[in-house]
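Please open the structure in a viewer in which residues can be selected by number. The tour below proceeds from one selection to the next and states what is to be found at each stop.

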Amino acid sequence: VISRINYCFEDPAGLQRMSDAVVGGLNTLIDRAVSEATRHTGRRISPADIEDVTVCGNTCMQHLLLQLDPEPLGSVPFTPANHSSLNIKARELGLRVNPSANVYILPNIAGFVGGDNVGVILVEEPQNSEDTVLIIDIGTNGELVIGNRERKVCSTCSCATGPALEGAQIEFGVRAAPGAIERVTISPETHEVDYKVVGRDAWLSYSKPEEMQTRGICGSAVLDALAELFKAEIVAGSGAFIQEVDTKRLRENPDTGQKEFVLAWSAETVIAKDVVISQNDIRQIQLAKAAIYTGCKLMLRRINLQRPDRIKIAGAFGNHIDITQAMVLGLFPDCPPERVSSIGNAAGDGCRMALLDRKKRTEADRLARRVEHVELTLLEGFQENLIDAIHIPHMTDEFPHLKK
């Protein structure tokens, strides 16, 4: 997000180019939706038949779509150009639908809590729940929502998780495409690795090495790998590789002098290199998970609770993570595993609700005004809590359900 804001600031044509890219992406999705609808219904449908559109996204992306200068989002107090929802004609945005179609854009809450977060609240309704619900939307910004029926008001915030959990900032990180390692197990006794790649059902242990066609490691396996390294006692709670471990997979990189652990040997890859997890990769994952945990803890403290009753993991990434592995790392507060669930693309679900029910659009504006936004870095004890949360699973906090 910050790199996009900087690009608009440094290049006079940057905002126009990025806006064109967003619009182009939306038009591609519209064409795809029209083709699928035609195939499923047997009716000939064209983009010109589309008369209503809803859009939600993080605050920066909504600024880029509307060609609003995002520069104020890049510095304190991170002020968006617009908070309320908007209704705009499709022809003004360049969307290839009916030129007179209405485009409804969900309201923003703050500089790093956008319409996508409003969509999550709209569909999950934490403010109507008997239980205290903590919703974590994992992405470049780890947006958090907490609330219940009693308090009526949700609190929201965002954590700077960085792209590490999406496979970026990881040496061999790739998106979740064919050939990306998506699941990892490591034997505590032999330290041998078994893994599965996207696009192939059979794990390594049931395959010939050359059949894996491994390209790198995506976000879900990044969490798996560190949790498995910790459980196999190859990595300490501090995140450092344990020097005394004797395995051929743990070695020192001759160029960087850093320790690294081999997940896939070059014979299993299509890049003619070993795929490794380096000490720097581990640090990036620790910082990302610490940001999310600290956000959760400080939000709970704000409403005088130690733990939530339920945790819901939102976002496409949330669908693919292993809940137990995430708990091992201390990604979120201790909670009974059966009360932790993945809810998928909740922002998209909320966006669909706003498309199909105009009353939900009124409700979205009301929610955006009512929720209390919390700026994490300004809360007392933020730095201390962040440092403690870097430890795996945590420096001081207890995890009784995890121990079971």
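**A buried aspartate and its partner**

Begin by selecting D334, which counts as buried in this predicted model, with a relative accessibility of 2%. Next add R307, which forms a salt bridge with D334; the closest N and O atoms are 3.8 Å apart. D334 lies in the loop between α8 (323-329) and β14 (340-344), whereas R307 lies in the loop between α7 (279-302) and β13 (310-314), so the pair ties together parts that are 27 residues apart in sequence. Colouring by accessibility shows R307 as partly exposed, with a relative accessible area of 33%.

Keep the salt bridges in view and select D52, R358 and R361. Salt bridges with shared partners join these residues into one network.

**Two further salt bridges**

A search of the whole structure finds 21 salt bridges. Two more of them merit a stop.

Select R96 and D31, whose side chains meet in a salt bridge at 3.2 Å, N to O. Which parts of the chain does this pair tie together? R96 lies in the loop between α4 (90-93) and β3 (102-105) and D31 in helix α2 (residues 14-41), so the salt bridge connects parts that are 65 residues apart in sequence. R96 is partly exposed, with a relative accessible area of 46%. D31 also counts as partly exposed, at 31% relative accessibility.

Move next to E211 and R200, where the side chains form a salt bridge of 3.1 Å, N to O. Both E211 and R200 lie in the loop between β8 (193-197) and β9 (216-217), and they are 11 residues apart. E211 is partly exposed at a relative accessible area of 35%, and R200 is partly exposed at 23%.

**Helix α5 and its packing on α10**

Select residues 115-124, helix α5, together with residues 358-370, helix α10. The two helices pack at an angle of about 115°, with their axes 10 Å apart. Because of this angle, α5 is roughly perpendicular to α10. The crossing of α5 and α10 is right-handed.

To display the contact, show the side chains of V118, I121 and L122 from α5, and K360, E363, A364, L367 and A368 from α10. How many residues of this contact are nonpolar, polar or charged? The contact of α5 with α10 comprises 6 nonpolar residues, no polar residues and 2 charged residues.

Now select α5 alone. Is this helix mostly covered or mostly uncovered? Helix α5 is mostly covered, with 8 of its 10 residues buried. The buried residues of α5 include V118, I121 and L122. Just after α5, select E125, which takes a positive phi of about 50°.

**Helix α9 against α10**

Return to α10 and add helix α9, residues 346-356. Here the packing angle is about 125° and the axes are 5 Å apart. At this angle α9 is oblique to α10.

For the contact, select M353, A354, L355 and L356 of α9 with R358, K360 and R361 of α10. The residues of the contact of α9 with α10 divide into 4 nonpolar, no polar and 3 charged.

As a final selection, show R358 and R361 with D52. R358 and R361 take part in the contact of α10 with α9, and salt bridges also join R358 and R361 with D52 in one network.

Key. Residues are numbered from 1 along each chain as its sequence is written. This is a predicted model: local features need pLDDT of at least 70, side-chain atom pairs count only at pLDDT 80 or more; totals for chains, interfaces and linings use all residues. Side-chain values use heavy atoms; hydrogens and water are left out. A salt bridge is a side-chain nitrogen of Lys or Arg within 4 Å of a carboxyl oxygen of Asp or Glu. Helices (H or I, at least four residues) and strands (E, at least two) are DSSP runs, numbered from the N terminus. Buried means under 20% relative accessible area, exposed over 50%, partly exposed in between (1.4 Å probe, protein chains only). Axes are lines fitted to C-alpha atoms, for helices over the stretch in contact, and angles run from 0 to 180 degrees between N-to-C directions. Angles under 35 degrees count as roughly parallel, over 145 as roughly antiparallel, 65 to 115 as roughly perpendicular and the rest as oblique. A crossing is left-handed if the near helix is turned anticlockwise from the far one by less than a right angle, and right-handed if clockwise. Contact means heavy atoms within 4.5 Å. Ala, Val, Leu, Ile, Met, Phe, Trp, Tyr, Cys and Pro count as nonpolar, Asp, Glu, Lys and Arg as charged, and the others, Gly among them, as polar.
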